[in-house]
Structures are given as C-alpha cells and as structure tokens.
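Student: I should like to understand how the terms for side-chain contacts are justified. May we go through the structure together?

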Amino acid sequence: MPLAKIHVLEGRYTEARLGKVSDAIQHGLMSALGIPPDDFFQIIHVLPPRQFLHTRSFLGLHYSDDLILLEITFISGRPKEKRMGLLKALNDGVVAAAGISPDDLVITLYETPGENISFGRGLAQRAHISEKASRVAS
C-alpha cells in the first residue's frame, strides 16, 4: 500500500517527464518491496517557487531546481535492509528516468501500522500485516 507523494518545482517538469518519474517510482516499489502493479497510489504536487523552498546544499550534497522531494508512506514491518534497498532502487530509477543529479532526489519513508490505513469501507484491510510483524520482532 505505498502512497507516494512527489513534490516538484513548477516549470521544471513536463507531463511526460513527470510520467517517467511516476513510472520509475512505481517500478522501484515493485522491485524493492515486491508490491503488485495494481497497488498504485501517487499524488503529484507541482508547486510555485514561493511554495517549494529548499537549501542549495546540505551534508555535502548540492540541489538544483530539478530537486524532487519524495515521500513514501507504507505499512510498517519491513526490515531495515529492505528499506535501504528501496532508497537505492528509487534513487537509481528516478535519476535515470528524470535525467537529474543523484543529489536531486530527497526521499522520506514513513511507516504506519496496518490498522491505521483503510482502503475503503472504513475497514483496516491490512491490519494483520503489522500484527504479524510485531509478533516476529518479539
């Protein structure tokens, strides 16, 4: 159930380029996490300059106006190695698809228990996933 929120600066990404970014993100999620192709939820925010503010450099990285801020929310329970692999797969795929510097993709992963997510009808269809993960961790 990953939900991807893609934030970019207005005027830097055409619809075609955004489509490539979207496809690369979905492919990265499928390859790194093994999600099915129809598990597809994305929100793309194209923001004017006054609403897309960022530093030009941080931690030895340099950011251009092509910067993409990517937030991924998914159900908790995946091991650290899987999450680290996801970061790498997303960076490799998006950088190639968008033609940007590897520095220009900032990714934040958010994990939430399955009982906090409803795919409709007010039901927590994936509550059992977090329960299983917590039993394994105990």
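Tutor: Let us begin with aromatic pairs. In this predicted model, a search of the whole structure finds zero of them.

Student: What makes arginine 17 a charge over the face of tyrosine 13?

Tutor: The rule asks, in part, for CZ of Arg within 6 Å of the ring centre. Arginine 17 lies at 4.1 Å from the ring centre of tyrosine 13, so the distance condition is met.

Student: Why is the contact between aspartate 66 and arginine 12 called a salt bridge?

Tutor: The closest N and O atoms are 3.0 Å apart. The cut-off is 4 Å, so the pair qualifies. Aspartate 66 lies in the loop between strand 4 and strand 5, and arginine 12 in the loop between strand 1 and helix 1, so the pair ties together parts that are 54 residues apart in sequence.

Student: How do you know whether aspartate 66 and arginine 12 are buried or exposed?

Tutor: Buried means under 20% relative accessible area. Aspartate 66 has 13%, so it is buried. Arginine 12, at 35%, falls between the limits of 20% and 50% and is therefore partly exposed.

Student: What links Arg12, Arg17 and Asp66?

Tutor: A network of salt bridges links these residues. Aspartate 66 also meets arginine 17, at 3.5 Å from N to O.

Student: Why is lysine 88 called exposed?

Tutor: Its relative accessible area is 53%, and exposed means over 50%, so the term applies. Lysine 88 forms a salt bridge with aspartate 92 at 2.9 Å; both lie in helix 2, four residues apart.

Terms used:
Residues are numbered from 1 along each chain as its sequence is written. This is a predicted model: local features need pLDDT of at least 70, side-chain atom pairs count only at pLDDT 80 or more; totals for chains, interfaces and linings use all residues. Side-chain values use heavy atoms; hydrogens and water are left out. Rings of Phe, Tyr and Trp (its six-membered ring) pair if their centres lie within 6.5 Å; planes under 30 degrees apart count as stacked, over 60 as edge-to-face and the rest as tilted. A charge sits over a ring if NZ of Lys or CZ of Arg is within 6 Å of the ring centre and within 35 degrees of the ring normal. A salt bridge is a side-chain nitrogen of Lys or Arg within 4 Å of a carboxyl oxygen of Asp or Glu. Helices (H or I, at least four residues) and strands (E, at least two) are DSSP runs, numbered from the N terminus. Buried means under 20% relative accessible area, exposed over 50%, partly exposed in between (1.4 Å probe, protein chains only).
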